[in-house]
Amino acid sequence: MASKIYSIANQKGGVGKSTTTLNVSFALSDLGKRVLMVDLDPQAGLTISLGNDPETFSLTSYSLLRNNDVTAKDVILETSINNNLHFIPSNLDLSGAEVELISGPAWGSTLKYALEPIMNDYEYIFIDCPPSLGVLTVNGLIASNTVIVPVQAEYLAMRGLKLLIDIVKDLKKKANHTLEMKILRTMHTNTLHSAEVTGELKTHFGNTVFETIIKRSIKFADSTIAGKPIIIYAKDSDGSIAYRNLAQEILEYDKQKTNP
């Protein structure tokens with residue numbers, strides 16, 4: 001069975017893209033699913049969150065995108081977390097791909113074609129996109145079945161959502177007809193402002209919004225420093241419970257797509 005591919009995207013930084021990629025991937029792998037994480041961000045937040053120094057890798061997602069002699073299997077690494085969870089690292093070399101890719105043919109589908117040979121090796125692939133709507137993010141979206149958009153629980157973040165929605169609609173029409181979108185509410189605080197925004201997102205976007213809400217917590221930063229998912233670092237925390245719930249929602253979502 002071919003992989004279910006999710007990209008995690010938002011042009012705004014600091015909304016929990018890498019955190020979401022790592023924790024939902026681990027939660028699914030802990031349920032016995034074979035999961036691959038792809039770090040497509042030159043800032044390498046996912047790679048760092050796994051406890052790695054990005055500059056120590058000679059083969060990265062950049063190598064996969066730019067070197068025809070490099071295959072996905074060449075750049076896939078095991079994690080120390082469990083045997084079901086693998087990843088493709090990133091580093092600053094990837095920042096050059098924005099300019100280099102766009103000069104080539106079918107530049108938006110480069111990642112999609114690169115992942116095709118390993119599509120039957122994993123049940124899930126999660127792509128951590130950079131905080132922009134440029135070439136790399138477009139590659140992630142074209143390669144994906146579904147894009148998860150983490151949206152911070154504040155009005156300015158919600159206003160910025162429109163541009164990404166327009167791009168997703170455009171790509172669905174022109175390049176990836178099966179692309180769907182799900183919204184994940186993140187950085188929630190115990191304030192009226194957060195409550196209003198999370199409620200408004202649910203009212204406006206309905207079933208497009210996951211029921212799970214990710215609360216703001218210092219434990220996320222602590223787990224990054226420790227190089228572990230919060231599910232391992234603070235297994236009884238609200239964040240850990242939320243990401244396990246999100247994994248269950250994703251499983252149910254995919255079940256409904258397969259058996260509507």
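Tyr6 has Thr146 as its bridge partner in β6. In β5, the residue opposite Tyr6 is Phe126. This is a predicted model, and its central sheet is a good place to start.

Strand β1 covers residues 4–8 and runs parallel to β6, residues 146–152, with three bridges between them. Ile8 in turn stands opposite Ile148 in β6. The pairing of β1 with β5, residues 124–128, is also parallel and counts five bridges. Four of the five residues of β1 are buried, so the strand is mostly covered.

Now widen the view. The sheet is open and has eight strands. Their order is β3-β4-β2-β5-β1-β6-β7-β8, and the pairing is mixed. The edges belong to β3 (77–78) and β8 (209–215). Each has a single partner strand, so one side of each lacks a neighbour in the sheet.

Next comes the packing. The largest nonpolar core holds 46 residues. Leu36, Leu111, Ile118, Ile125, Ile127 and Val147 have the most contacts inside this core. Helix α7, residues 135–143, gives the most to this core, with six residues. A second core of 31 residues is separate, and includes Leu28, Phe57, Phe220 and Tyr243.

Ile125 shows what such a position touches. Beyond four places in sequence, its contacts are Ser3, Lys4, Ile5, Tyr6, Leu36, Val38, Leu115, Ile118 and Met119.

The loop between β2 and α2 deserves a closer look. Asp41 is found there. Asp41 is buried, yet has no salt bridge. Which side chain of opposite charge is nearest to Asp41? That side chain is Lys17, 5.9 Å away. A salt bridge needs the nitrogen and the carboxyl oxygen within 4 Å, so Lys17 does not form one with Asp41. The side chain of Asp41 does reach the backbone nitrogen of Gln43, at 2.9 Å. Outside its close sequence neighbours, within four places, Asp41 is in contact with Ser90, Leu94, Asp128, Cys129, Pro130 and Pro131.

Ala44 sits in this loop too, between β2 (35–39) and α2 (45–49). Its phi is near 60°, a positive value in a residue other than glycine. Is Ala44 buried or exposed? Ala44 is buried, with a relative accessible area of 1%.

Turn to helix α1, residues 17–30, which holds Asn23. Asn23 counts as buried, at 2% relative accessibility. A polar atom of its side chain lies 2.8 Å from the backbone nitrogen of Ile230. Asn23 also touches Pro229, Ile231 and Tyr243, among residues more than four places away in sequence. Tyr243 is one of the residues in the second core.

Charged pairs come next. The model has seven salt bridges. One of them joins the side chains of Asp30 and Arg244, at 3.2 Å from N to O. This pair links distant parts of the chain: Asp30 is in helix α1 and Arg244 in helix α13 (residues 238–258), 214 residues apart. Asp30 is partly exposed at 42% relative accessibility, and Arg244 is partly exposed at 32%.

Another salt bridge brings together Lys33 and Glu123, with an N to O distance of 3.7 Å. Lys33 lies in the loop between α1 and β2, and Glu123 in the loop between α6 (110–115) and β5, so the pair ties together parts 90 residues apart in sequence. Lys33 is partly exposed, with a relative accessible area of 24%. Glu123 is partly exposed as well, at 33%.

Asp170 and Lys174 form a local pair by comparison of position: they are four residues apart in helix α9 (residues 161–174), separated by about one helical turn. Their salt bridge has an N to O distance of 3.3 Å. Lys174 is exposed at 63% relative accessible area, whereas Asp170 is partly exposed at 34%.

The last stop is helix α11, residues 218–226. Ser217 is in the loop between β8 and α11. At the start of the helix, a side-chain oxygen of Ser217 reaches to within 3.1 Å of the backbone nitrogen of Lys219. Ser217 is partly exposed, at 30% relative accessibility. Its C-alpha atom is separated by 9.2 Å from that of Ser237, 20 residues apart along the chain. Just after α11, Gly227 takes a positive phi of about 70°.

Terms used: Residues numbered from 1 in each chain as written. Predicted model: local features only at pLDDT ≥ 70, side-chain atom pairs only at ≥ 80, totals over all residues. Heavy atoms only, no water. Helix = DSSP H or I, 4+ residues; strand = E, 2+ residues; numbered from the N terminus. Buried < 20%, exposed > 50% of the residue type's maximum accessible area, 1.4 Å probe, protein only. Lys, Arg positive; Asp, Glu negative; His and termini not counted. Polar contact = N/O pair within 3.5 Å; in protein donor to acceptor, adjacent residues only side chain to side chain. Contact = heavy atoms within 4.5 Å. Core = buried A, V, L, I, M, F, W, Y, C linked by side-chain atoms within 4.5 Å. Pairing = 2+ DSSP bridges.
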